[in-house]
Amino acid sequence: MSDYQPSNERAKTNASADSTSTHGEGLSRPAVSPMPLQRVGIKKASLPAANAVIQMVKPDIYDPAAFADPATVLSAKYPGVAIREEPGSQGIDGDPDVKLIKVLATEAGRDNLMTEFLKKQTHWQTELDKHKTAYEADSSNGEAQTKMNEASGKLGKIKELVDNKAFWEITDVTSAANWYKAHTLLLSKAGFSPKETRVKAAAVPPGVKAAAPHDFHRDSGYLQVTPSGTVPAVLNGPKSAGWVRGHSGIDNFAHRFVEHIHVDKDDHENRFEIYNADKPAVDAAKSFGATNKDRLMDPGGPGTAAMANAEGISAAASLTSAIKKATPPKKVAAAAAGGGGDG
């Protein structure tokens with residue numbers, strides 16, 4: 001089950017800014033509110049000058065060729081390190097999704113996955129107890145508080161999976177796909193988002209710790225509405241191409257209107273995006289969104305309903321596709337023995 005586990009504890013949260021998408025979108029947020037400097041052991045004198053530039057993320061890539069083949073681009077950027085793809089917002093019929101659906105569809109697969117849930121529950125309970133004890137001993141220990149809150153959040157999500165009654169109602173590929181569709185966000189927040197290795201890591205000498213894998217996911221495909229007297233044409237974006245699937249409700253307009261790939265999304269200092277467009281096109285999408293924000297962000301309006309309908313149709317099609325991909329091919333019945341001809 002190693003493909004379904006985080007390779008490290010890089011992920012602090014998978015919070016979503018888009019409640020309409022099973023995979024979410026927008027910037028991830030820290031597990032807890034930032035602590036005062038003096039409570040996390042950072043000396044003010046060590047901070048950069050007020051006008052200094054603090055590099056928090058790596059530069060984004062604006063290149064359709066890189067978007068088309070991110071595994072090759074990332075393997076060149078991180079030589080010798082494993083590159084893995086995780087689910088994006090294009091539905092649940094991608095390779096990582098289908099792989100996990102196949103696991104869920106078998107009794108042995110479900111038993112193994114539940115075993116991993118229980119292992120992680122024990123791990124995070126131990127972490128919570130340890131850091132809670134440290135924090136109770138010294139309430140000024142900001143690091144202990146942060147780790148305590150992180151462990152508490154992870155533990156809560158794992159418990160939701162362990163106690164999920166619908167999990168035990170899975171009996172076949174169809175019920176597995178439906179369960180997975182309903183629980184993709186929970187799996188992600190609990191650290192069990194499926195991953196498909198695209199580039200294997202180079203062998204490392206015995207006793208040497210392998211470099212942590214780099215993960216990416218693709219947010220692609222466009223959806224559209226038919227403009228009318230009540231449904232504004234601006235919902236289809238600056239070039240009328242539509243919005244990126246799963247992104248109809250967000251105000252990050254570069255992501256809403258331009259296909260993109262997130263790289264190491266939960267690594268808050270090193271994450272970046274690969275856009276399926278050049279930078280002027282991405283900047284134009286941002287400008288278009290800012291100019292039309294009132295009409296693009298209209299919760300409860302007829303435009304919102306029209307977009308939700310388009311998202312629902314897309315999700316249903318993705319579910320059908322996932323079931324088809326995960327269903328084993330039927331065996332061709334052997335020809336009847338001794339069947340004579342007319343000769």
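Two strands count as paired here if DSSP finds at least two bridges between them. Keep that rule in mind for the views below, which come from a predicted model.

**View 1. Strand 2 meets strand 3.** Strand 2 and strand 3 run antiparallel and are joined by three bridges, so the pair passes the cut-off of at least two. To find your way in, start at isoleucine 83: its bridge partner in strand 3 is valine 199. Strand 2 covers residues 83-85, and strand 3 covers residues 196-199.

**View 2. The other neighbour of strand 2.** Here strand 2 pairs with strand 4, this time in the parallel sense, over three bridges. Isoleucine 83 is again a handy landmark, with histidine 214 as its bridge partner in strand 4.

**View 3. The whole sheet.** Step back a little, and the pairs fall into an open sheet of six strands with mixed pairing, in the order 1-8-7-4-2-3. Which strands stand at the edges? They are strand 1 (61-62) and strand 3, each with a single partner strand, so one side of each has no neighbour in the sheet. For the wider setting, the protein has 10 helices and eight strands.

**View 4. Strand 4, covered on both faces.** In a regular strand, side chains alternate between the two faces of the sheet. Strand 4 can be read that way: His214, Phe216 and Arg218 point to one side, Asp215, His217 and Asp219 point to the other, and all are buried. Because six of the six residues in this strand (214-219) are buried, strand 4 is largely enclosed by the rest of the structure. Buried here means under 20% relative accessible area.

**View 5. Strand 4 beside strand 7.** Strand 4 and strand 7 (residues 260-263) pair in the antiparallel sense, with four bridges between them. Two contacts along the pair are easy to pick out by their bridge partners: aspartate 219 goes with histidine 260, and arginine 218 goes with isoleucine 261.

**View 6. Strand 7 and its partner strand 8.** Strand 7 is covered on both faces, with His260 and His262 buried on one side and Ile261 and Val263 buried on the other. Strand 8 (residues 272-275) pairs with strand 7 in the antiparallel sense over four bridges. Look for valine 263, which stands opposite phenylalanine 272 of strand 8.

**View 7. Helix 3 and its surroundings.** Is helix 3 (residues 95-104) largely enclosed or left open? Seven of its 10 residues are buried, so helix 3 is largely enclosed by the rest of the structure. The buried residues are Pro96, Asp97, Val98, Leu100, Ile101, Val103 and Leu104. They pack against strand 2 and strand 3, and also against helix 4 (107-137), helix 6 (173-189) and helix 10 (302-326).

**View 8. A cavity and what lines it.** A search of the whole structure finds two cavities of 30 Å³ or more, and this view shows the second largest, with a volume of about 40 Å³. Its lining is made of Pro232, Leu235, Arg295, Asp298, Gly301, Gly303 and Thr304. By type, these lining residues divide into two nonpolar, three polar and two charged.

**View 9. The protein as a whole.** Of the 343 residues, 43% are buried. The accessible surface comes to about 18,100 Å², and 55% of that belongs to carbon and sulfur atoms. Among contacts between residues at least 6 apart in sequence, 74% join residues at least 24 apart.

Technical notes:
Residues numbered from 1 in each chain as written. Predicted model: local features only at pLDDT ≥ 70, side-chain atom pairs only at ≥ 80, totals over all residues. Heavy atoms only, no water. Buried < 20%, exposed > 50% of the residue type's maximum accessible area, 1.4 Å probe, protein only. Contact = heavy atoms within 4.5 Å. Areas by Shrake-Rupley, 256 points an atom, 1.4 Å probe, with all protein chains shown as cover. 1 Å grid on protein atoms, 1.4 Å probe; cavity = no way out; pocket = protein on both sides within 12 Å on 5 of 7 lines; lining within 4 Å. Points joined across faces, edges and corners; volume = space filled by probe spheres on them. Nonpolar A, V, L, I, M, F, W, Y, C, P; charged D, E, K, R; others polar.
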